[in-house]
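Subject: A structure for you to look at

Hi,

Here is the structure I promised to pass on. Have a look around before you read my notes below.

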Amino acid sequence: MNSSLSDSPSTPNKLTTQTKEAVLITGASSGIGLALALQYVEKGCHVFACGRNEQKLNSIKGATPLVFDINDKDQIRQAALQLSTSLEQNDLSLTMVILNAGSCEYINNPVHFDGALFERVIQTNVVSMGYCLEHFLPLVGANGRVGLMSSSATYLPFPKAEAYGASKAAVNYLASSLRIDLKAYGIGVSVICPGFVKTPLTDKNDFAMPMQISADKAASEIIYGMNKGQSEIHFPKRFTYLLKCIACLPKAFVSRMLTPNADKA
Ligand SMILES: NC(=O)c1ccc[n+]([C@@H]2O[C@H](COP(=O)([O-])OP(=O)(O)OC[C@H]3O[C@@H](n4cnc5c(N)ncnc54)[C@H](OP(=O)(O)O)[C@@H]3O)[C@@H](O)[C@H]2O)c1
């Protein structure tokens with residue numbers, strides 16, 4: 001096990017000349033995670049590509065697949081053991097962990113609120129992140145960085161997004177708090193807030209998605225932000241700054257603006 005996160009915040013990670021940087025990405029079998037995995041491989045990093053779909057992970061040339069369900073803590077623990085062995089055997093330093101895996105489901109009937117849906121989304125997008133942090137963080141070297149996938153949906157209250165938005169808002173708080181506590185260990189934390197990105201997740205949406213970008217472009221933005229050590233990586237800027245500006249307006253005005261068919265009410 002990499003000792004840098006053990007008990008001493010100040011022990012620097014000593015790399016040998018052969019030590020190669022490794023990146024772990026959850027949700028690497030599809031969409032943004034897949035684009036991230038491909039770009040990191042191209043940059044010469046050792047990529048641990050995580051997901052449930054083994055076939056898709058195996059097809060990422062040059063990456064090491066780690067097959068596990070983020071909603072199964074025993075599987076996460078097993079994956080961390082596998083990871084630890086692989087890091088040691090291959091003289092790798094885990095410099096980045098990007099917890100990107102997630103799902104999106106909408107609350108279609110607010111009166112008959114679907115509690116099970118709410119639980120599923122919170123479990124996949126937030127609770128699982130806690131277990132991934134528990135098992136993967138001790139393997140991250142000093143000067144490492146953790147990226148937590150949130151969404152620009154957290155800037156405003158969008159209709160039907162009670163579960164998804166709440167899960168990502170929780171990720172924002174988790175990231176802010178973790179950033180403070182990990183500082184002493186030399187580990188940075190970035191929260192990632194994309195606008196609309198074309199992936200299988202958004203292909204299911206039946207509403208307009210302004211300023212949507214490709215998964216490739218999203219991955220480039222994330223890699224840039226992670227390298228620069230940005231606390232909040234948000235993109236595309238024209239879209240995210242617009243949302244941030246609207247969020248500064250009076251709440252009643254914003255609420256009316258975002259209420260479906262408000263003009264007809
Ligand atoms: N697309 C957007 O516009 C957008 C915007 C803001 C934020 N995001 C966030 O970006 C992240 C990636 O989304 P995407 O758009 O790239 O979606 P995607 O193409 O559907 O990919 C989702 C990934 O998450 C993995 N995953 C889901 N549930 C899992 C589970 N229980 N265990 C293990 N892996 C699981 C999937 O892997 P397997 O199926 O192999 O398990 C898949 O690789 C999500 O957190 C999403 O909320 C997306």
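One term before we start: a salt bridge here is a side-chain nitrogen of Lys or Arg within 4 Å of a carboxyl oxygen of Asp or Glu. Also keep in mind that what you're looking at is a predicted model.

**The overall picture**

The protein chain has nine helices and nine strands. Its radius of gyration is 19 Å, close to the 18 Å that the globule rule gives for 265 residues, so the chain is as compact as a globular protein of that length. If you turn the C-alpha trace along its principal axes, it spans about 65 × 35 × 30 Å.

How much of the chain is buried? Of the 265 residues, 46% are. As for the outside, the chain exposes about 13600 Å², and 54% of that comes from carbon and sulfur atoms. I also looked at contacts with a separation of 6 or more: residues 24 or more positions apart account for 67% of them.

**A strand on the inside**

Try finding strand β5, which covers residues 140-149. Nine of its ten residues are buried, so β5 is largely enclosed by the rest of the structure. It runs parallel to β4, and five bridges join the two. To see how they line up, pick out Met96, which stands opposite Arg145 in β5. While you're there, remember that in a regular strand the side chains alternate between the two faces of the sheet.

**The salt bridges**

How many salt bridges does a search of the whole structure find? It turns up five. Here are some of them.

Arg120 pairs with Glu105, and their closest N and O atoms are 2.8 Å apart. This one links distant parts of the chain: Arg120 belongs to helix α4 (residues 115-136), while Glu105 is in the loop between β4 (92-99) and α4, 15 residues apart. Arg120 counts as partly exposed, at 40% relative accessibility. Glu105 is partly exposed too, with a relative accessible area of 24%.

Next, look at Glu221 and Lys217, whose closest N and O atoms are 3.3 Å apart. Both sit in helix α7 (residues 215-228), and because they are four residues apart there, about one helical turn separates them. Lys217 is partly exposed, with a relative accessible area of 43%.

Then there is the salt bridge between the side chains of Lys244 and Glu232, at 3.0 Å from N to O. Here again distant parts of the chain are linked: Lys244 is in helix α8 (residues 237-247) and Glu232 in strand β9 (residues 232-235), twelve residues apart. Lys244 has a relative accessible area of 25%, which makes it partly exposed. Glu232, at 28% relative accessibility, is also partly exposed.

**A nonpolar patch**

Last stop: which residues form a nonpolar patch on the surface? They are Leu249, Phe253 and Met257, with about 280 Å² of accessible area together. Phe253 lies in helix α9, which covers residues 251-258. Is Phe253 buried or partly exposed? With a relative accessible area of 47%, Phe253 is partly exposed. The cut-off explains the label: exposed means over 50% and buried means under 20%, so a value in between counts as partly exposed.

Have fun with it!

Technical notes. Residues are numbered from 1 along each chain as its sequence is written. This is a predicted model: local features need pLDDT of at least 70, side-chain atom pairs count only at pLDDT 80 or more; totals for chains, interfaces and linings use all residues. Side-chain values use heavy atoms; hydrogens and water are left out. Patches are made of residues with over 30% relative accessible area and no salt bridge: like charges are joined within 9 Å, nonpolar side chains (Val, Leu, Ile, Met, Phe, Trp, Tyr) within 5 Å. Accessible areas come from the Shrake-Rupley method with a 1.4 Å probe; for residues, only the protein chains shown count as cover. Buried means under 20% relative accessible area, exposed over 50%, partly exposed in between (1.4 Å probe, protein chains only). The radius of gyration is taken over C-alpha atoms; the globule rule is 2.2 Å times the number of residues to the power 0.38. Contact means heavy atoms within 4.5 Å. Two strands pair if DSSP finds at least two bridges between them.
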